[in-house]
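Biologist: Pick one part of this model and walk me through it up close, please. I'd like to know what touches what, with the cut-offs spelled out as you go.

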Amino acid sequence: SEVDPHTAFGPIRRLGGEQGWYYANWLWRLRGFIDLLVGGVGMRRGRRDPEELKVGDALDFWRVERVEPPSLLRLRAEMRLPGVASLVWRVSPIPDAAGRPRTQLEQVATFVPRGLWGRAYWYGVAPFHRAVFPGLLDGIAREAEALATAAEPPTEPDHHPSTTGVA
């Protein structure tokens with residue numbers, strides 16, 4: 001279905017906290033628990049507001065580095081890691097010959113490892129990331145499509161002239 005950028009950004013700005021991560025929430029919670037065990041922040045921080053994000057906000061074990069609704073959200077990981085991790089979503093309008101709103105949704109996960117341990121960590125979690133990140137992107141897209149469908153104006157009911165009405 002056709003989704004405009006503002007609608008597509010809705011699920012992105014609601015990520016985390018009580019809303020969760022649209023896919024494999026139990027894995028996100030497990031990662032947060034592991035982070036707590038090694039002295040990190042875990043998932044206990046949630047988020048300041050369920051609808052709005054500001055630069056500097058905590059978002060579970062992430063920090064909002066940049067937010068430009070409806071086109072960009074960049075998060076930096078604050079969990080204990082042997083490197084630096086970030087997640088970025090970009091939302092862009094794309095042309096449609098029929099004039100319908102269409103949107104490209106891009107998600108980029110980046111990890112810059114520190115040393116050999118960082119590389120070992122990355123290769124160790126890669127199988128989980130190959131499932132979680134595509135699932136997350138699909139979940140965001142499904143939620144955006146559901147929002148777009150819910151926002152569509154209802155179709156006009158069929159009107160048939162009444163034969164018993166007052167003329």
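Modeller: Here is a close look at one helix and its aromatic neighbours, followed by the sheet.

Keep in mind that this is a predicted model, where local features need pLDDT of at least 70, side-chain atom pairs count only at pLDDT 80 or more, and totals for chains, interfaces and linings use all residues. Residues are numbered from 1 along each chain as its sequence is written, and side-chain values use heavy atoms, leaving out hydrogens and water.

Let's start with α2 (residues 25-37), whose axis comes within 10 Å of that of α3 (residues 115-151), crossing at roughly 145°. (Helices are DSSP runs of H or I with at least four residues, strands are runs of E with at least two, and both are numbered from the N terminus; axes are lines fitted to C-alpha atoms, for helices over the stretch in contact, and angles run from 0 to 180 degrees between N-to-C directions.) On the α2 side, Leu27, Trp28 and Arg31 make the contact, meeting Tyr121, Val132, Phe133 and Leu136 of α3 (contact means heavy atoms within 4.5 Å). Sorted by type, that contact has six nonpolar residues, no polar ones and one charged. Here Ala, Val, Leu, Ile, Met, Phe, Trp, Tyr, Cys and Pro count as nonpolar, Asp, Glu, Lys and Arg as charged, and the others, Gly among them, as polar.

Now follow Trp28. The whole structure holds six aromatic pairs, and in one of them Trp28 stacks with Phe61, at 6.3 Å centre to centre and 25° between the planes. (Rings of Phe, Tyr and Trp, using its six-membered ring, pair if their centres lie within 6.5 Å; planes under 30 degrees apart are stacked, over 60 edge-to-face, the rest tilted.) That pair bridges 33 residues of chain, from helix α2 to the loop between β1 (58-59) and β2 (62-68). Both Trp28 and Phe61 are buried (under 20% relative accessible area; exposed is over 50%, partly exposed in between, with a 1.4 Å probe and protein chains only). Trp28 and Phe61 also belong to one aromatic cluster with Trp21, Trp62 and Phe133.

Trp62 takes us into the sheet, as its bridge partner in β3 is Ala77. Six bridges join β2 to β3 (residues 72-77), and the two run antiparallel. The open sheet has five strands in the order β1-β2-β3-β4-β5, with antiparallel pairing (strands pair if DSSP finds at least two bridges between them). β1 and β5 are the edge strands, each pairing on one side only.
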